[in-house]
Amino acid sequence: MDGGSEILGEAYLKLDPASAAKARSHIRVWLGSDHPEYENARLATSELVTNAVLHAFLRGPDALILLTLTRRAGLLYVEVTDPGGGFWDPYALPAMPDDEEGGRGLAIVGEVSRGRWGVRDRGRRGRTVWCALGGDPDPAERP
């Protein structure tokens, strides 16, 4: 990120379902529960970490996820880098049946970030899925 960014926190997490709860705890410490974007950051983080745990192809005892929270230009950026290793690109499903238990994570991230999310391929260093939170909505998004 450019010189105008501030890293609020970074943490390495295991490729384990329990890492989503640990990631939410980090967000609370780094951001504080009174921050106006706290709930969105917590939810997006949980979904991105869960997605990484479920879909990272390269696994092993040393495989880790990197969670980063950054502030830049009035926005918060949640980034989750996983070991990658496959040809799969994360995408939000257009619709899910109501009785399905999974598959909504990136759709939720898309909602709380107002569509400001994406994927960066980092080659051998894995893949980063990110979202931007906060800021004023575009005029078309205002009620």
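**Leu43, helix 2 and the sheet**

In this predicted model, Leu43 touches Ile108 and Val112, leaving aside residues up to four places away in sequence.

Student: What makes the pair Leu43 and Val112 a contact?

Tutor: A contact requires heavy atoms within 4.5 Å, and Leu43 touches Val112 by that criterion. The two residues are 69 residues apart in sequence, and their C-alpha atoms are 8.3 Å apart in space.

Student: Why is Leu43 called partly exposed?

Tutor: Buried means under 20% relative accessible area and exposed means over 50%. Leu43 has 34% relative accessibility, so it counts as partly exposed.

Student: Where does Leu43 lie, and which residues of that helix are buried?

Tutor: Leu43 is in helix 2. The buried residues of helix 2 include Tyr38, Ala41, Ala44, Thr45, Leu48, Val49, Ala52 and Val53. An α-helix has 3.6 residues a turn, so residues three or four places apart point the same way.

Student: How do you know that the span of helix 2 agrees with its number of residues?

Tutor: The expected span is 1.5 Å times one less than the number of residues. For the 18 residues of helix 2 this gives 26 Å, and the end C-alpha atoms are 26 Å apart, so the two values agree.

Student: Against which elements do the buried residues of helix 2 pack?

Tutor: They pack against strand 1, helix 1, strand 2, strand 3, helix 3 and strand 5. From the side of helix 3 (residues 105-112), the buried residues are Gly105, Leu106, Val109, Gly110 and Val112. These pack against helix 2, strand 4 and strand 5. Helix 3 is followed by Arg114, which has a positive phi, near 55°.

Student: Why are strand 1 and strand 4 said to stand at the edges of the sheet?

Tutor: The open sheet has five strands in the order 1-2-3-5-4, with antiparallel pairing. Strand 1 and strand 4 each have a single partner strand, so one side of each is left without a neighbour in the sheet. From one strand to the next, the twist averages 20°.

Student: What makes strand 3 and strand 5 a pair?

Tutor: Pairing requires at least two bridges. Seven bridges join strand 3 to strand 5, and these strands run antiparallel; the requirement is met. Thr81 has Thr128 of strand 5 as its bridge partner. Helix 2 packs on the sheet, touching strand 1, strand 2, strand 3 and strand 5, and its direction makes about 15° with that of strand 3.

Terms used: Residues numbered from 1 in each chain as written. Predicted model: local features only at pLDDT ≥ 70, side-chain atom pairs only at ≥ 80, totals over all residues. Heavy atoms only, no water. Buried < 20%, exposed > 50% of the residue type's maximum accessible area, 1.4 Å probe, protein only. Helix = DSSP H or I, 4+ residues; strand = E, 2+ residues; numbered from the N terminus. Axes fitted to C-alpha atoms, helices over the stretch in contact; angles between N-to-C directions.
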